[in-house]
Amino acid sequence: KSKEKEKAQLEDLYSLVGRDEFRNYVLSIIEKRLITQTNKEIKQLCDDRYKIIHLSKVNKMAPDFFVIDRYKAGLTRKISTLSGGETFMVSLAMAMALSELSRGNNEIDSFFIDEGFGTLDEDSLEDVLEMINNIQSRGKSIGLITHVQKLAERVSINIQLKKSKLGNSTISIRYQ
């Protein structure tokens, strides 16, 4: 009899978990936590310039995320309209938020960034360097993977990988 009861409980649980309403409810909780944590990270990285918000969904398959830009009189716009530098900043804040939410009891103190540097203009590159210094001042280590020479020159430790004509590689380390 206990096996039948257990089976009935599992079937009830399965029917509840399988429902779209339950799944959407759980995802909305995670989404709210991610947005809240992303906004905390943005506040630390970008002097509270941006705030991420979620507005009602036009397309049920994808959430509509917007950013409020406090430097532009609180203008609300879709995240897809951000410039390369702005997108980089918001993406970095969201990546840090995700790591914070997923860390559990473990401290995550090291990050590698391997994208977007080549698309940044001079001012955005300066903003990114300032953000990275801000992150490092919080006790985090940041590894940058880049082909942008100006960025590499501004980093205190460089590890260069050079491919030879024979197909093997050499590694060199430069301290500034």
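## A walk through the model, stop by stop

Start by selecting E122, which is partly exposed with a relative accessible area of 42%. Keep in mind as you click around that this is a predicted model.

**Stop 1: two bridges from α4**

With E122 still highlighted, add K150. The two side chains meet in a salt bridge, 3D distance 2.9 Å from N to O. This pair links distant parts of the chain: E122 belongs to helix α4 (residues 122-137), K150 belongs to helix α5 (residues 149-153), and 28 residues separate them. K150 is partly exposed as well, at 47% relative accessibility.

Now pick E126 and R154. Which kind of contact do their side chains make? They meet in a salt bridge too, at 2.5 Å from N to O. E126 sits in helix α4 and R154 in the loop between α5 and β6 (157-163), so this pair ties together parts of the chain that are 28 residues apart in sequence. Colour both by accessibility: E126 is partly exposed at 33%, and R154 is partly exposed at 48%. In total, the model has six salt bridges.

**Stop 2: a bridge under cover**

Next, select D69 and R77. Their side chains form a salt bridge as well, with 3.4 Å between N and O. Are these two buried or exposed? D69 has 0% relative accessibility and counts as buried; R77, at 14%, counts as buried too. The cut-off behind that word is under 20% relative accessible area, so the 14% of R77 falls on the buried side.

Widen the selection to R49 and E86. Together with D69 and R77 they are linked in a network of salt bridges. In general, side chains of opposite charge can pair when their charged atoms come close.

**Stop 3: the three-stranded sheet**

Switch to cartoon view. Three strands make an open sheet, ordered β1-β2-β3, with antiparallel pairing. The edges are β1 (50-55) and β3 (75-78), each of which pairs on one side only. Neighbouring strands here are turned against each other by 30° on average, ignoring direction.

Zoom in on β2 (residues 64-69) and β3. How many bridges join them? Four, in the antiparallel sense. For a landmark across this pairing, show V67, which stands opposite R77 in β3. That is the R77 whose side chain bridges to D69.

Then follow the chain into the loop between β2 and β3, where you will find A73. Put a torsion label on this residue: its phi is near 55°, a positive value in a residue other than glycine. Why might that catch your eye? Because most residues other than glycine have a negative phi. A73 is also exposed, at 80% relative accessible area.

**Stop 4: the parallel pair**

Move on to strand β4 (residues 110-113). Show the side chains and look at which face each one takes: F111 and I113 point to one face and are buried, while S110 and F112 point to the other face and are not. In a regular strand the side chains alternate between the two faces of the sheet.

Now bring in strand β5 (residues 141-144). β4 and β5 pair in the parallel sense, over four bridges. Select F111 and I142 together to see a facing pair: F111 stands opposite I142 in β5.

**Stop 5: helices and a nonpolar patch**

Turn on the surface and select L10, L13, L16, F22, Y25, V26, L27, I29 and I30. These residues make a nonpolar surface patch of about 810 Å². Helices α1 (2-17) and α2 each supply at least two of its residues. Which helix gives the most? That would be α2, with six residues. From the other helix, click L16, which is found in α1. At 38% relative accessibility, L16 counts as partly exposed.

For the last selection, run along helix α2 (residues 20-45) until you reach Q37. Is this glutamine buried or exposed? Q37 is buried, because its relative accessible area is 14% and the limit for that label is under 20%. To see what Q37 touches, show A97, E100 and L101, leaving aside residues up to four places away in sequence.

Key:
Residues numbered from 1 in each chain as written. Predicted model: local features only at pLDDT ≥ 70, side-chain atom pairs only at ≥ 80, totals over all residues. Heavy atoms only, no water. Pairing = 2+ DSSP bridges. Axes fitted to C-alpha atoms, helices over the stretch in contact; angles between N-to-C directions. Buried < 20%, exposed > 50% of the residue type's maximum accessible area, 1.4 Å probe, protein only. Contact = heavy atoms within 4.5 Å. Patch = residues over 30% accessible without salt bridge, like charges linked within 9 Å, V, L, I, M, F, W, Y side chains within 5 Å. Areas by Shrake-Rupley, 256 points an atom, 1.4 Å probe, with all protein chains shown as cover. Salt bridge = Lys/Arg side-chain N within 4 Å of Asp/Glu carboxyl O.
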